[in-house]
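Biologist: Please take one part of this model and go through it closely. Then set that part against the rest, and say how far the model can be trusted.

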Amino acid sequence: MRRHTLPVVVALTALVLGGCGIPDESGVTVIGPGPSTGITSGSENTPDQATRTTTSDRTEFVDNYLAAAAGDYDGALDRVKEFMSPEAKSTFKPVTIPRVIRLTEKPLVSPSQPVIELDYELVGTLGRNGVLEPPKEPVEGTYEMTLGTAEDGISLYVLSAPPFLLISDTALNANYVQRTIYFWNTEHSGLVPDVRYMLRDLPIEQVPTTVISWLIEGPAPWLKSVVELLPEGTSLLGKVPAIQDQTLAINLSAQAVPTDNAADALERLRRQLQWSLRPLLPENLALKIGHQETKNYYGTDFFTSNASFRLERSPERFAVYGGKIVRLSGFPHAVEAIPAIPPQANKDIRTAALSTSGTHTYAALVTGSGRGETLRVGATPTASGQDATLRTVSGLPAGLGYPVWAITPNRTAGGAVGLIIGNGGLFSFNPEGGPARPVQVSGAAGKLSAITVAPDGHRVAIVAGGRLYRAVLAVSSDGVSLSEPELLQAPLVTVTAAAFSGEGWLTVAGVGVSKRVAVLDVTIDGALSDPRLDDLGDDTVNYVTAYPANPVNQSPSELGNSDSVSYTTADAAWDALSTAVRIDAADLAQPPGEQPAGTVPTAPLFLN
Amino acid sequence: MPVRRALRVVRRYWRVVVRHGKHYTAPARRAWRRSLHLRVVTLTLVGSSLLVGTFGWFIAAQSANILLHRTQEEISSSMDGKVAYAYRQLTVHPQARDPELPSTINDTVNELFDGDQAEDGGSVVSIRAEHHRELPAVTLPNVDTRDLITPDMIRSVAEQGRVAQQIRTAEVEGTTTKYLVYGSPVPTKFGRVELYYMVPLTTEDRAADQIRTTVLVTGIALVILLGVVAGLVTRMVVTPVRVAARTAQRLSAGLLDQRMKVDGEDDLALLAAAFNQMAANLQRQIVRLEEMSRLQRRFTSDVSHELRTPLTTVRMAADLIFSEREEFDPAVARSAELLQAELDRFEGLLTDLLEISRFDAGFAALDAEHTDLVPIVRRVTDRLTGLAGRAGVDIELRLPETPVIAEVDPRRVERVLRNLVGNAIEHAEAKPVVVTMATDEAAVAITVRDHGIGLKPGEERLVFNRFWRADPSRARQTGGTGLGLSISVEDARLHGGWLEAWGAPGEGSQFRLTLPVRAGDRLVAAPLTLIPRDRPAAATGEPAEVAG
């Protein structure tokens, strides 16, 4: 018995001392099965971006090289370098921000000629945040790159290249999609679109995160003066998870909503988010600010925050015929009276602009000719059905262009602003008439020949000296002011007219490289273009008007530019359909009485 | 096997310790046997230690379990939230090769990390992708988790897709901390990653330690208290018992007036009262018996004294008649002689009775002096030569050559020897009587051996009784009074010596007188054996001793 005492004592002591308390080590305890695995939305295919060895055809190789920088922003340099010979790689020290160029001429490629000259014009630089920023000055020139054959004798190398990450406009078009995000204007009256370029192969799950990060980073530089940034310190907490149960859940930091007027700010924020995420927005947006309670937003009530939403699928159309404004047949309300314009005033009209806000209808008429030119303006509540009282705007020079209504506020007619070009200068007027105010346009060389204002009321495109510019219109207590215009590199030699065609598109008319007059759509940054009418001969287009596309009605395959474009040449008004179709008297709904022979409808306009 | 060797060494030391322990605990064990108090207290301590220990252990273990369980539940629910969050965040990436994925994982870990770093180490969050080796493991704070996330854990979580937990103790950032490691797979569109959440159990561990300490201290205090209480209670019981024992001891030592104190009316008081009653009864009985005995002795003494005076007168008259017997007719003369002889016997009897009563009264005093015993023996045998001659008995003396000096009362020794030799001659049946003497450092022994009828078994003690007679029908030849051996025993006892008898029917008998050489010394052994060496072999009969 005695010999067993020791182990028993040891065991007992160990039990007593070690038995209670939390053990130092334990085995693995399985608690239960893990959550079930999710289903992948993407396919396993790798992006089909071309690499150096994809082709040994020199033309394709150059095209591929000019597309290499397109794609994941941080990997651009590596992808470009991959095309280079080892020596070229080591010496290639480019500017980090990629340049988007448009080749003005097809490069001449021949195997015997290792050096390839690329004639280009600089469209802009493409930032990480998808902003394509046009250059301050127009840049045109020739890049030289040298190709060589690799050791294998088949594949090609870039032996030397300009020290830039280059993206051709075609590569931009192929690899990116336009994506509009929105910022509130400083008056909080509406959202201002900001067009960005998003990678085409970005997984759909990452789109919300990317969009929100863009919103947080702020608007494109040219919009900064008229839009409101998200509050300082706003940040996305985590990523935006993929849509689940028709819900998109976003968690922003507490700073996203300022403490004063929080309810309004939150309302604005959610509308901004809803618009920015709109194409993929599910039924429900679950927005959580900091650690506050999650707010769920259903439905489409946010649409009203964007003025473009009010645009009809099929606009009311008018034309001036024999000094009178008449409706075009085959369009809505074709048999009704002309809105806002009293019948007795509907005479001797040369050009006109009609616009509506949610509550009011605005009219601006240029009557007379030569020294008798007069601008008469007025506004009336739409619901009353009354005609507006037209008042004359004084102080305008002779040689008035087409008036446009830039800002048409809701509820009250006061504060509405119209713009008109007079003798190459820009003037602003308001619906109460009175003296016109000149608007300073600095930095645009040459006389103004066209102005167009986007439905948001802030983005403006002007044509001056045959060039296309964009600018923003800011409203201040002493009228309106125009920011310094930015030159856009439209693929035209001379631009004669422009009109907003959609949130990210302008319809421009001018003379192309081939010296032929063309009407085409360009993006708001001038980078991409969509041809409308390639060749109108040499019949100069002096005016273009378009009824901008409503982004809500837009299908994903559409670019988002207008279906309704009209223009005028010296002697006629035309519709830009698949070909140019002249607007004849037969197209008018109720042509007024007998007119002299040869009278044609002019100055087509839309009820904006 | 080094383990076995070590065990052997340990066992050897254990045995040494046990042996030493035995040696050193001997007083304790003696105390254990003797003290009821100690036993009760010790048993209480051991018993309560076991009970309190068991309950304490149970409570501490249960508390630790509860603490751990609660933490586990907390972490589990927190973990569910984390997994859901990580799942939602990672839904953004349909492909594992997405270059943004590592940054998302990084951000997710960053978000999941609690951040509240306590001073004793905070929680650790880690996301790993066992199935996507190209994805780096992200851990925040960036510590080495190899000790925390075991291969077993990885197997359970990554391969079997289970939610699992484990407790690990590892050194993290220089401090050794106990962690509860929780692992769960996070489903993603590209497969599965694993989320590990490691929460330090420092607080729970400390709480468990505090509970354990509290239970331990409380338990020890309780045990000590119980021991003290047991000690006090036992003392309440044991003290009266001890008092009773002491009182009983005193009573048995002859202090008959000892009594116990009676306190209250409880069982102990009852015991004390009963004890006291018993003692009182005993005392009364003893005193009565003593009184009776004293009265008897007094009566004997008084009768003897009272008889002496008339006897003296009768003696004088008888002496006169005896001296004048020549002048009487022969029948009268014969009566005168008879009278004379009976008067001698009567006188002797009276003397012996007086002697006995002196012994009984405790007046007998030893008049010890250094005396040579050899002459005394010779004198006695010489004086009895006549008697021996008449009985036809030869007396053989076996005495030492040298004088045997002892501190004795010669008168009493002579009386004893005379008694013994006389008796021997009387019962010798004409066979020789041997008187032997021997001495050593401490004692002198004298044996008187006869070969007469001997003694029946049991008679060895009876012979020393007063007025005892082996065969009551036999007449006395030597005129013995029946008190001789009684007086001899008293004499021997007075010396601190022994007088013993041995006898066997038909083998005769032997008496042995043993005396210490120095008066007052305690006898240990006698120089002569009681059972004679010349007795026939295999004779029965046990020696009887009458201790002095």
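Modeller: Two residues are in contact if their C-beta atoms, placed from the backbone, lie within 7 Å. Helices (H or I, at least four residues) and strands (E, at least two) are DSSP runs, numbered from the N terminus. This is a predicted model, in which local features need pLDDT (the predictor's confidence in each residue, from 0 to 100) of at least 70, side-chain atom pairs count only at pLDDT 80 or more, and totals for chains, interfaces and linings use all residues. Residues are numbered from 1 along each chain as its sequence is written, while chains are lettered from A and ligands numbered from 1 in the order in which they are written.

The part I take is the contact of two helices in chain B, α6 (residues 202-252) and α7 (residues 267-323). Their axes lie 11 Å apart and make an angle of about 5°; axes are lines fitted to C-alpha atoms, for helices over the stretch in contact, and angles run from 0 to 180 degrees between N-to-C directions. Angles under 35 degrees count as roughly parallel, over 145 as roughly antiparallel, 65 to 115 as roughly perpendicular and the rest as oblique. α6(B) and α7(B) are therefore roughly parallel to each other.

On the α6(B) side, the residues that make the contact are B:P240, B:A244, B:T247 and B:L251. They meet B:L268, B:L271, B:A272, B:F275 and B:A279 of α7(B). Eight of the residues in this contact are nonpolar, one is polar and none is charged. Here Ala, Val, Leu, Ile, Met, Phe, Trp, Tyr, Cys and Pro count as nonpolar, Asp, Glu, Lys and Arg as charged, and the others, Gly among them, as polar. An α-helix has 3.6 residues a turn, so residues three or four places apart point the same way.

Earlier in chain B comes helix α5 (residues 151-159), with B:M153, B:S156, B:V157 and B:A158 as its buried residues. Buried means that 20 or more other C-beta atoms lie within 10 Å of the residue's own; 12 or fewer is exposed, and in between is partly exposed, with C-beta atoms placed from the backbone. The cover over these buried residues includes β1 of chain A, together with β3, β4 (175-188) and β5 (191-200) of chain B. After α5(B) comes B:G161, with a positive phi near 65°.

The strand β1(A) also leads to the interface. There, 39 residues of chain A are in contact with 52 residues of chain B. On the chain A side, α1 (5-19) and β1 (29-33) are the elements that give two or more residues. The largest share, five residues, is from β1(A). By class, that side has 15 nonpolar, 17 polar and seven charged residues. Across the interface, β1(A) pairs with β3(B) (residues 162-172) in the antiparallel sense over four bridges; two strands pair if DSSP finds at least two bridges between them. One such bridge sets A:T29 against B:Q165.

Chain A has further sheets. An open sheet of eight strands runs β15-β16-β17-β18-β22-β21-β20-β19, with mixed pairing. Its edge strands, β15 (349-356) and β19 (404-407), each pair on one side only. The average turn between neighbouring strands there is 30°, direction ignored. Within it, β21(A) (residues 425-430) and β22(A) (residues 433-439) are antiparallel, with four bridges, and A:L426 stands opposite A:V439.

Another open sheet has four strands in the order β28-β29-β30-β31, paired antiparallel. β28(A) (494-500) and β31(A) (529-533) are at its edges, each with a single partner strand, so one side of each has no neighbour in the sheet. Six bridges join β28(A) to β29(A) (residues 505-511), where A:A498 is partnered by A:V508.

As for the chains as wholes, chain B has 13 helices and twelve strands, and 32% of its 548 residues count as buried. Chain A has seven helices and 36 strands, and 47% of its 608 residues count as buried.

On trust, the mean pLDDT of chain B is 85, and 94% of its residues reach 70 or more. Over residues 538-548 of chain B, however, pLDDT stays under 50, and the model has 32 contacts there beyond four places in sequence. Where pLDDT is low, the predicted coordinates should not be read in detail. The model scores ipTM 0.72 and pTM 0.68.
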